[in-house]
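Trainee: Please pick one part of this model and take me through it closely. I would like to know what it packs against and how.

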Amino acid sequence: MTENPKHLLDSVSESTRRPSKIAKTAAQNLSNDEEEQQEAPMGPSPRTQRYLVAIEYIGTRFSGSQQQPNFRTVVGVLEEAFHKFIGQPVSIFCSSRTDAGVHALSNVCHVDIQRISKRKPAEVLPPHEPTVVRRAVNHFLQKNEGDIMVIDVQCVPADFHARFKAQERTYFYRLLSGPEPLSTFERDRAWHVPEELDILAMQEACKVLVGHHDFSSFRAAGCQAKSPIRTLDELNVSEVVSTPYFPSIVERRQNNLTTEDLHASSNKSESDLPVSSISIDDRASGFNGEASLGFGIRRRHRCFVVTARARSFLYHQVRLLVGLLKAVGTGTLTISDVERILNAKSVTAASPMAPACGLYLGHVKYDLP
């Protein structure tokens, strides 16, 4: 049940002013997915509290994360919600910039808030508790498109910067393989690849790409990073059970097993074993095979997830890497081609870039105080 906004805001501040025009964040001279270490700007005044805010969003209807005039952006929507909450403009600084159509399971930003009394405008009140900030801002975000939410808030020191203090970032990329048309529920959430993908070949390609390299071949035009040298701490491909079709026929059947059935499962055939004991390949082949699953039941695609983890990434680096891995998976490129492209040190040698819709910023790691 949605909390009464008046009751919520009355409990966290003396009043909320009518919002005026939102101050726009100055554009940062950094490329998307690029996290160059620079001197952090001056901290807020001593009477201002800095909050670290984790957010999740579906990027489909956003024109990227950074503030842009006349476009709906993650920062713009978030600044507007904070403005309505505290009654004064704020500036949001994100840990990682995401392009239009890119999603976030957890992006992180920071914001400075000075809680001022309405009765005595010169009086600064004690800072809001983080839980109050989360609930209040989410109230206003729900009045928007409902595609962004604050998932965590923490007080941090005045010199803690969401971008410059980040130790590493993890991105996920989802590919759905199979000839079936993409489900309505998966549209704009994954890259549909009609061909079969060879996961073993893709994993071998990852071994070539992981590590410390000159990634000029995976650096899109317009990248403003000073150096193309990056250390890719992790790059791998795994196959997972696709969603959102749950529970599957196998899972539903296994959920009906009694305790006695589970104890006796060692004597049963593979089709009767608990779902956890059946390999993903077996389950995927059942959903993609020719056998009828019954009228109105959709066959699943095989779902592959590419994980990329590093302290920082070049502009479009992850999407260019995924484009190459997909080409390897379909057999268009070989492992020798991967080595050749990496050593070419030119983006003109790379495979076509993967679309934005399958990319998710998964996690930003900090050494929090």
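Mentor: Start with the outside: the accessible surface of the protein is about 18,200 Å², and 52% of this belongs to carbon and sulfur atoms. Such areas come from the Shrake-Rupley method with a 1.4 Å probe, and for residues only the protein chains shown count as cover. This is a predicted model, in which local features need pLDDT of at least 70 and side-chain atom pairs count only at pLDDT 80 or more, while totals for chains, interfaces and linings use all residues. Residues are numbered from 1 along each chain as its sequence is written, and side-chain values use heavy atoms, with hydrogens and water left out.

The protein has 9 helices and 10 strands; these are DSSP runs numbered from the N terminus, with helices (H or I) of at least four residues and strands (E) of at least two. Of its 369 residues, 48% are buried, meaning under 20% relative accessible area with a 1.4 Å probe, protein chains only (exposed is over 50%, partly exposed in between).

The part to look at is helix α4, residues 199-209. Its axis comes within 8 Å of that of helix α8 (residues 317-329), and the two cross at roughly 140 degrees. Axes here are lines fitted to C-alpha atoms, for helices over the stretch in contact, and angles run from 0 to 180 degrees between N-to-C directions. α4 and α8 are therefore oblique to each other. On this scale, angles under 35 degrees are roughly parallel, over 145 roughly antiparallel, 65 to 115 roughly perpendicular, and the rest oblique. In this pair, the contact (heavy atoms within 4.5 Å) involves Ala-201, Met-202, Ala-205, Cys-206 and Leu-209 of α4. From α8 come Leu-321, Leu-324, Leu-325, Lys-326, Val-328 and Gly-329.

α4 also packs with helix α9 (residues 335-344), at about 30 degrees and with the axes 9 Å apart. That makes α4 roughly parallel to α9. Here Ala-201, Glu-204, Ala-205, Val-208 and Leu-209 of α4 meet Ile-335, Val-338, Glu-339 and Leu-342 of α9.

The crossing of α4 and α8 is right-handed, and α4 passes α9 in a right-handed crossing. A crossing is right-handed if the near helix is turned clockwise from the far one by less than a right angle, and left-handed if anticlockwise.

Some spacing in these lists reflects a general rule. An α-helix has 3.6 residues a turn, so residues three or four places apart point the same way.
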